[in-house]
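Grab a pencil and work through these exercises with the structure open beside you. Try each task on your own before you read its solution.

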Amino acid sequence: MIRRLFVILLLLGLGGVFAGLVAGYSPDDALNLTARYYAEHTAQDIGAANIVTAIIVTYRGLDTLGEVTVLFLTAAIVGMVLVQSRRKADAPQRALPPSGELLTTGTRLLVPLILLLGVYVFVNGHLTPGGGFQGGAILASAVLMLLLTDPLLRIGHGLIAAIESTAGLIFVGIGVLGILLAGGFLDNRILPIGDLGNLFSAGAIPIIYSFIGLKVGAEFSSMLANLSETEDL
Amino acid sequence: MAYIALTTGFVLILIGLYGALTNRNILRMIVAFTVANTGVNLVMVAVGYLHGRTAPILNEAVPVEQAAARIIDPLPQALVLTAIVIGVGVTALMLAYAYRLYETKRTLDISKYTELKW
């Protein structure tokens with residue numbers, strides 16, 4: 001029990017530090033300098049109604065490229081770690097109980113709707129709360145539902161890899177076009193900025209975010225497929 | 001309001017660390033880490049909150065001219081969006097490694113893995 005005591009002491013110390021932070025915290029009354037710049041310049045410069053999207057896709061677009069790369073690496077490493085545990089094609093398969101009427105019918109009904117919602121979320125990423133990462137996660141939840149209904153379902157890794165690499169290449173390609181046609185890497189003004197609040201506005205942001213959505217959806221789906229293809233233990 | 005979210009976030013971090021340090025089961029440790037991760041995200045969003053303001057989306061409620069006076073700080077939200085995605089990646093990696101560990105020893109009890117213990 002000495003270990004438990006040590007843990008509690010450590011957490012008490014950390015809690016003391018946190019309590020000090022909360023006690024010393026005073027909320028700002030106005031936006032700080034960076035946030036004020038984004039609030040005042042997003043509408044004219046970027047044309048995106050959702051300022052968070054403008055930051056993620058354009059102001060800090062390079063970071064998002066890095067983030068997508070981290071996600072790609074994760075999906076690749078999960079596949080690599082699990083590749084040896086993959087079930088052999090001719091290995092005997094334990095009989096699985098049927099997934100049940102509710103789940104089967106519910107999946108048939110909901111999967112197209114979930115895919116539609118995912119596409120809606122990432123196409124409207126520059127107007128509404130949402131965007132490529134959220135939409136991609138929603139797309140992958142449709143794949144998760146398919147896998148829940150039929151755990152033996154095999155999703156084509158070739159198709160997932162094709163979607164993912166095409167989307168990634170187009171994302172980088174649009175970024176390079178920004179260097180050639182506009183102010184710099186991932187500049188969204190290679191297309192007209194349009195009227196604030198329209199679907200076709202904010203330059204290249206809807207296109208970039210749609211491809212990010214496809215890429216994230218493909219990466220999450222490949223993680224789910226890899227985890228589900230492991231041997232039953 | 002910001003204080004409630006801030007305190008909840010810190011409490012979630014502490015709960016998550018307690019769970020990760022006291023549980024012996026690897027899956028429970030992974031769940032505890034995601035709880036702590038949620039706490040960190042909550043703290044970051046709470047720091048960007050300004051009282052009486054609205055979400056950083058320009059629409060009828062937030063005219064462009066008054067944006068700086070009406071919206072909360074968009075920067076922590078963008079950071080947390082990134083953090084959530086990376087958190088998902090970390091969780092997936094931990095689960096994959098947990099699976100491989102289970103394959104080697106057929107147990108998820110971390111005290112049975114003694115190779116690096118001193």
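## Exercise 1: One leucine in a helix

Leu144(A) sits in helix H6 of chain A. Bear in mind throughout that this is a predicted model.

**Task.** Does Leu144(A) count as buried, exposed or partly exposed?

**Solution.**
- Step 1: count neighbours. Leu144(A) has 16 C-beta neighbours inside 10 Å.
- Step 2: recall the cut-offs. A residue needs 20 or more to be buried and 12 or fewer to be exposed.
- Step 3: conclude. With its 16 neighbours, Leu144(A) counts as partly exposed.
- Step 4: look across the fold. Leu144(A) and Ser221(A) are 77 residues apart along the chain, and 7.6 Å separates their C-alpha atoms.

## Exercise 2: The build of chain A

**Task.** Work out how many helices and strands chain A has, and compare its radius of gyration with the globule rule.

**Solution.**
- Step 1: go through the secondary structure. Chain A has eight helices and zero strands, giving the pattern α-α-α-α-α-α-α-α along the sequence.
- Step 2: compare the radii. For 233 residues the globule rule gives 17 Å, but the radius of gyration of chain A is 23 Å, well over that, so chain A is more spread out than a compact globule.
- Step 3: check the dimensions. The C-alpha trace of chain A spans about 65 × 55 × 35 Å along its principal axes.
- Step 4: look at burial and contacts. In chain A, 37% of the 233 residues are buried. Of its contacts with a separation of 6 or more, 69% are between residues 24 or more positions apart.
- Step 5: check confidence. The average pLDDT of chain A is 83, and 94% of the residues score at least 70. Confidence in chain A is highest in H5(A), with a mean of 90, and lowest in H2(A), with 81.

## Exercise 3: The largest nonpolar core

**Task.** Which residues of the largest nonpolar core touch the most other members?

**Solution.**
- Step 1: find the hubs. This core has 65 residues, and those touching the most other members are Ile51(A), Ile55(A), Ile208(A) and Ile212(A).
- Step 2: see which helices take part. At least two residues come from each of H2, H3, H4, H5, H6, H7 and H8 of chain A, and from H4 of chain B. The biggest share is from H8(A), which gives 12 residues.
- Step 3: zoom in on one hub. Leaving out residues up to four places away in sequence, Ile208(A) touches Val57(A), Phe171(A) and Ile174(A).
- Step 4: spot the other core. Apart from the largest core there is another one of nine residues, including Phe18(A), Leu6(B), Phe10(B) and Leu42(B).

## Exercise 4: Where the chains meet

**Task.** How many residues of each chain are in contact with the other chain, and which helix of chain B gives the most?

**Solution.**
- Step 1: count both sides. The contact involves 39 residues of chain B and 43 residues of chain A.
- Step 2: sort by helix. On the chain B side, H1, H3 and H4 each supply at least two residues. H4(B) gives the most, with 17 residues.
- Step 3: sort by type. The residues on this side of chain B are 29 nonpolar, seven polar and three charged.

## Exercise 5: Chain B and its helices

**Task.** What length should H4(B) span at 1.5 Å a residue?

**Solution.**
- Step 1: do the sum. H4(B) has 32 residues, so it should span 46 Å, and its end C-alpha atoms are 47 Å apart, which agrees.
- Step 2: repeat for H2(B). This helix has 22 residues and reaches 32 Å between its first and last C-alpha, close to the 32 Å expected.
- Step 3: look at what H2(B) tucks away. Its buried residues include Ile26(B), Asn37(B), Gly39(B) and Leu42(B), and their cover includes H1 and H4 of chain B.
- Step 4: step back. Chain B has four helices and zero strands. Its radius of gyration is 20 Å, well over the 13 Å of the globule rule for 118 residues, so chain B is more spread out than a compact globule.

## Exercise 6: An odd angle

**Task.** What is the sign of phi at Arg106(B)?

**Solution.**
- Step 1: recall the usual case. Most residues other than glycine have a negative phi.
- Step 2: read the angle. Arg106(B) is not a glycine, yet its phi is positive, about 55 degrees.
- Step 3: place the residue. Arg106(B) is in the segment after H4 of chain B, and with 9 C-beta neighbours inside 10 Å it counts as exposed.

Notes. Residues numbered from 1 in each chain as written. Chains lettered and ligands numbered in written order. Predicted model: local features only at pLDDT ≥ 70, side-chain atom pairs only at ≥ 80, totals over all residues. Core = buried A, V, L, I, M, F, W, Y, C linked by C-beta atoms within 7 Å. Contact = placed C-beta atoms within 7 Å. Rg over C-alpha atoms; globule rule 2.2 N^0.38 Å. Expected span 1.5 Å × (residues − 1). Nonpolar A, V, L, I, M, F, W, Y, C, P; charged D, E, K, R; others polar. pLDDT = per-residue confidence, 0-100.
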